[in-house]
Amino acid sequence: MKALRLLMDRELKAADRGRIKDAVLACPGSRAMHDLRTRDAGDRVFIEFHLEVDGSLPVTRAHAIADAAEHAAASLFPDGAEVTVHIEPAGIRDERLDDKIYTAEERKEA
């Protein structure tokens, strides 16, 4: 089973996903995050999320905030993590993967 778990991708545990969210939102300039996707692929963790920042910020400042959020998330996994951040203006209401796949109970926890 241990060898099989190393070969199969799986979502990170809820506690780890919560730690990621807390670390990202603790970064100055981070307003919100959504569409958090994670995978544990044996020797590496993959993290992807949409980061909401003030929409009036210059691109260079928004990029710096995203870099800080990426580093904060990656630092939680000393064995290695690949982090992808998509920057969006705060408050945007677009079609979200969260809305498509979460159950009502999971939305309460998010």
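Start by selecting R17, I20, A23 and V24: these are the buried residues of helix 2, where buried means under 20% relative accessible area and exposed over 50%, with partly exposed in between (1.4 Å probe, protein chains only). Before going on, note that this is a predicted model, in which local features need pLDDT of at least 70 and side-chain atom pairs count only at pLDDT 80 or more, while totals for chains, interfaces and linings use all residues. Residues are numbered from 1 along each chain as its sequence is written, and side-chain values use heavy atoms, leaving out hydrogens and water.

Now look down the axis of helix 2: its buried residues fall within an arc of 125 degrees, so they line one face of the helix. The arc is taken over the directions from the helix axis to the C-beta atoms. Helices (H or I, at least four residues) and strands (E, at least two) are DSSP runs, numbered from the N terminus.

Flip to the other side and pick A14, A15 and D22, exposed residues on the face turned away from the buried side of helix 2. Then colour strand 1, strand 2 and helix 3, which the buried residues of helix 2 pack against; contact here means heavy atoms within 4.5 Å.

Want a quick ruler check? At 1.5 Å a residue, the 12 residues of helix 2 should span 16 Å, and its end C-alpha atoms are 16 Å apart, which agrees. The expected span is 1.5 Å times one less than the number of residues.

Next, show the sheet. It is open, with 3 strands in the order 1-2-3 and mixed pairing; two strands pair if DSSP finds at least two bridges between them. At the edges sit strand 1 (32-40) and strand 3 (81-89), each pairing on one side only.

Select strand 1 alone: 7 of its 9 residues are buried, so this strand is largely enclosed by the rest of the structure. Strand 1 runs antiparallel to strand 2 over 7 bridges, and D40 stands opposite V45 in strand 2. In the hairpin joining these two, with 4 residues between the strands, zoom in on G42, which takes a positive phi near 85 degrees.

Move across to strand 2 (residues 45-53), which pairs with strand 3 in the parallel sense over 9 bridges. Here E52 stands opposite E88 in strand 3.

Last stop: helix 3 (residues 59-74). This helix packs on the sheet, touching strand 2 and strand 3, and its direction makes about 145 degrees with that of strand 3. Axes are lines fitted to C-alpha atoms, for helices over the stretch in contact, and angles run from 0 to 180 degrees between N-to-C directions.
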